[in-house]
Amino acid sequence: MTDNELIDEVRAFLHTWRTASLATVDEQGHPHACNVQFAVDEHLHLLFVSSLNSGHSQHVARDPLAAMTIYAHTDEATGPAAIHGVQLHGRCEMIAGADAIKHAWDVYTRRFTFIANNHVLAERVRKEQFY
């Protein structure tokens with residue numbers, strides 16, 4: 001498999017599933033994991049929404065190093081020879097700047113159309129932070 005074929009397979013996988021497990025580390029060095037609903041952009045950046053008050057948001061503000069896993073919910077959906085999960089690690093950062101926030105909103109609401117179509121839910125999401 002070429003690098004481009006692998007990237008295409010990962011991209012297709014990320015567009016199929018929408019729940020990721022985000023791992024961060026708290027102030028005492030203890031691991032913390034939570035599930036987040038994510039969207040992926042054209043550069044394979046994974047975007048999610050969270051409250052600044054959440055534990056994982058506070059952990060990321062202190063230490064941006066994080067890990068994430070996305071897994072197929074059933075083997076039947078992808079077949080036994082296909083990718084069943086993606087694991088990654090790197091920096092998780094709050095998205096800042098009007099253009100970047102608009103990009104995140106557009107990507108996220110393209111994936112989760114029910115947010116943009118529900119005024120109350122859209123306003124609630126707009127009060128949260130994109131990562």
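What follows walks through a helix face, a few individual residues and the two largest pockets of a predicted model.

Helix H2 is a good place to start. This helix covers residues 55-62, and its buried residues are His56, Ser57, His59 and Val60. Looking down the axis of H2, these buried residues stay within an arc of 160 degrees, so they line one face of the helix. What that face packs against is a set of strands: E1 (19-25), E2 (31-40) and E3 (46-50).

His59 gives a closer look at that packing. The residue sits in H2 and, with a relative accessibility of 6%, falls under the 20% limit and so counts as buried. Setting aside residues up to four places away in sequence, His59 touches Thr24, Val25, Asp26, Glu27 and His32. Ser57, another of the buried residues of H2, turns up again in the surroundings of Ser51. Ser51 belongs to the loop between E3 and H2 and is partly exposed, at 24% relative accessible area. Again leaving out residues up to four places away, Ser51 touches Ser57 and Glu128. Val40, by contrast, is 11 residues from Ser51 along the chain, and the C-alpha atoms of the two are 19 Å apart.

Over on strand E1, Thr19 is worth a stop. Thr19 has a relative accessible area of 15%, which is under 20%, so this residue is buried. Its side chain makes a polar contact with the side chain of Gln37, at 3.0 Å. Beyond its neighbours within four places in sequence, Thr19 is in contact with Asn35, Val36, Gln37 and Phe38, and also with Thr69, Ile70 and His73.

Phe38, one of those contacts of Thr19, is found in strand E2. At 0% relative accessibility, Phe38 is counted as buried. Its list of contacts, with neighbours within four places in sequence left out, takes in Leu14, Trp17, Arg18, Thr19 and Ala20, then Leu46, Leu47 and Phe48, and finally Ile70, Tyr108, Arg111 and Phe112. Leu14 lies 24 residues from Phe38 along the chain, with 9.0 Å between the two C-alpha atoms.

Two more residues round out this part. Val10 is in helix H1 (residues 3-16) and counts as buried at 19% relative accessibility, since the limit is 20%. Its C-alpha atom is 26 Å from that of Ala116, a residue 106 places away along the chain. Leu44 is found in the loop between E2 and E3, and its backbone stands out a little. Most residues other than glycine have a negative phi. Leu44 instead has a positive phi, near 65 degrees. With a relative accessible area of 26%, Leu44 is partly exposed.

Next come the pockets. The largest pocket has a volume of about 380 Å³. Of the 18 residues in its lining, Leu46, Arg91, Cys92, Glu93 and Tyr131 are the closest to the centre. Strands E3, E4 (65-71) and E5 (85-91) each supply at least two residues of that lining, and the largest share, four residues, comes from E5. By type, the lining of the largest pocket splits into 13 nonpolar, three polar and two charged residues. Leu46 also appears among the contacts of Phe38.

The second largest pocket has a volume of about 220 Å³. Of the 15 residues that line this pocket, Gln37, Val49, Tyr108, Ile115 and Val125 are the closest to its centre. The elements giving two or more residues to this second lining are E2, E3, helix H5 (113-116) and helix H6 (119-126). The lining of the second largest pocket divides into nine nonpolar, three polar and three charged residues. Some of these names have come up already: the side chain of Gln37 is the polar partner of the Thr19 side chain, and Tyr108 is one of the contacts of Phe38. Strand E3 gives residues to the linings of the largest pocket and the second largest pocket, and is also among the strands packed against the buried residues of H2.

Methods: Residues numbered from 1 in each chain as written. Predicted model: local features only at pLDDT ≥ 70, side-chain atom pairs only at ≥ 80, totals over all residues. Heavy atoms only, no water. Buried < 20%, exposed > 50% of the residue type's maximum accessible area, 1.4 Å probe, protein only. Arc of directions from axis to C-beta. Contact = heavy atoms within 4.5 Å. Polar contact = N/O pair within 3.5 Å; in protein donor to acceptor, adjacent residues only side chain to side chain. 1 Å grid on protein atoms, 1.4 Å probe; cavity = no way out; pocket = protein on both sides within 12 Å on 5 of 7 lines; lining within 4 Å. Points joined across faces, edges and corners; volume = space filled by probe spheres on them. Nonpolar A, V, L, I, M, F, W, Y, C, P; charged D, E, K, R; others polar.
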